[in-house]
Amino acid sequence: MSANRIYIYKRYERFWHWSQALLIIVMMITGFEIHGSYTLLGFKKAVDLHTIAAWTLLVIWAFTIFWQFTTGEWRQYIPSMKNVSAMVLYYTVGIFKEMPHPFRKTTVQKHNPLQRLAYLALLAFISPLIWGSGLLYLFYGNWAQLGIDKMFSLEGVALVHTAGAFMITAFFFIHVYLTTTGHTIFAHIKAMITGWEEVDEEHASVATEQGRRAPGKA
């Protein structure tokens, strides 16, 4: 089959992806130093850098949410149970037997059913957990003024934030592993750098047809 390419990831998506990845790595390194796991930058520098990275990521997320709703890209994250079992079978058995991938990525369907469920869990559970506890931690000195000093304990907030950090770390490394499961080990990473996904001729024709039928297309 002849090699073809389809343009999957727009320029802003790629910027958002890599800037988010960099900031999460910074927060993981500094966060676990703040936790006392090791000494690298020193406690104060680690706290300062962790805080700057967190605020920067929140700003990027705000722009990204605006971008997704104005471009319609939010539809990519609508969860679906269709073909979930096929994806589970592929990742647990098929991938080790070199079976064909049951999902074909297109411009209107960039995430397979398992990815959509994973992103839903991230947005609905893990993100509120870590951001809520992080903001409480950051503004600990204002608890009495806000009238919430009797509602929370610093130790409890710290434990919740640490649990969220471990969840984000697990999500991050699973995501990195799954990027290596393309037709070559760096195929998915290359696509996220260039925007272009390399596919076979049949896949390209399916993607083109879906693109024509997408909302807003002629």
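**Reading a cavity, its helices and some single residues**

Modeller: In this predicted model, helices α1 (11-34) and α2 (43-71) each supply at least two residues of the lining of the largest cavity.

Biologist: How do you know how many cavities of 30 Å³ or more there are, and what volume does the largest cavity have?

Modeller: A search of the whole structure finds one cavity of 30 Å³ or more, and the largest cavity has a volume of about 40 Å³. The general idea is that rolling a probe the size of a water molecule over the atoms shows where empty space is left.

Biologist: Which residues line the largest cavity, and what makes a lining residue nonpolar, polar or charged?

Modeller: The lining consists of E13, W16, W67, Q68, E73, Q76, Y77, K110 and H111. Trp and Tyr are on the nonpolar list and Glu and Lys on the charged list, while residues on neither list count as polar, and on that basis the lining divides into three nonpolar, three polar and three charged residues.

Biologist: One of those lining residues is E73, so why is E73 called buried?

Modeller: The relative accessibility of E73 is 8%, and because buried means under 20%, E73 counts as buried. E73 is found in the loop between α2 and α3, and the C-alpha atoms of E73 and V108 are separated by 8.4 Å, although these two residues are 35 residues apart along the chain.

Biologist: Why are α1 and α2 called roughly antiparallel to each other?

Modeller: Their axes come within 9 Å and cross at roughly 155 degrees. Angles over 145 degrees count as roughly antiparallel, and therefore α1 and α2 are given that name. The crossing of α1 and α2 is left-handed, and by class their contact has 18 nonpolar, eight polar and two charged residues.

Biologist: What makes α2 oblique to α4, rather than roughly perpendicular or roughly antiparallel?

Modeller: The axes of α2 and α4 come within 12 Å and cross at roughly 130 degrees. The roughly perpendicular range runs from 65 to 115 degrees and the roughly antiparallel range begins over 145, so the angle between α2 and α4 falls in neither range and is called oblique. Here too the handedness can be stated, as α2 passes α4 in a left-handed crossing.

Biologist: What makes the phi of N83 worth pointing out, and where does N83 lie?

Modeller: Most residues other than glycine have a negative phi. N83, which is not a glycine, has a positive phi near 65 degrees, and N83 lies in the loop between α2 and α3 (84-92). E98 likewise has a positive phi, of about 55 degrees, although E98 is not a glycine, and this residue is found in the loop between α3 and α4 (113-138).

Biologist: Why is N83 called partly exposed, and why is E98 called exposed?

Modeller: The cut-off for exposed is over 50% relative accessible area, and partly exposed lies between that and the buried limit of 20%. N83 has 45%, so N83 is partly exposed, whereas E98 has 75%, so E98 counts as exposed.

Biologist: How do you know which label, buried, partly exposed or exposed, belongs to E155 and to F171?

Modeller: E155 lies in helix α6 (residues 154-178), and because its relative accessibility of 57% is over 50%, E155 counts as exposed. F171 is also found in helix α6, but its relative accessibility of 22% lies between 20% and 50%, so F171 counts as partly exposed. From C-alpha to C-alpha, E155 is 9.7 Å from Y137, which is 18 residues away in sequence, while F171 is 8.6 Å from A118, which is 53 residues away in sequence.

Biologist: What is the secondary structure of the whole protein, and what percentage of its residues is buried?

Modeller: The protein has eight helices and two strands, which follow the pattern β-α-α-α-α-α-α-α-β-α when read along the sequence. Of its 218 residues, 35% are buried, and the label rests on the under 20% cut-off that was applied to E73.

Methods:
Residues numbered from 1 in each chain as written. Predicted model: local features only at pLDDT ≥ 70, side-chain atom pairs only at ≥ 80, totals over all residues. Heavy atoms only, no water. 1 Å grid on protein atoms, 1.4 Å probe; cavity = no way out; pocket = protein on both sides within 12 Å on 5 of 7 lines; lining within 4 Å. Points joined across faces, edges and corners; volume = space filled by probe spheres on them. Helix = DSSP H or I, 4+ residues; strand = E, 2+ residues; numbered from the N terminus. Axes fitted to C-alpha atoms, helices over the stretch in contact; angles between N-to-C directions. Parallel < 35°, antiparallel > 145°, perpendicular 65-115°, else oblique. Left-handed = near helix turned anticlockwise from the far one by under 90°. Buried < 20%, exposed > 50% of the residue type's maximum accessible area, 1.4 Å probe, protein only.
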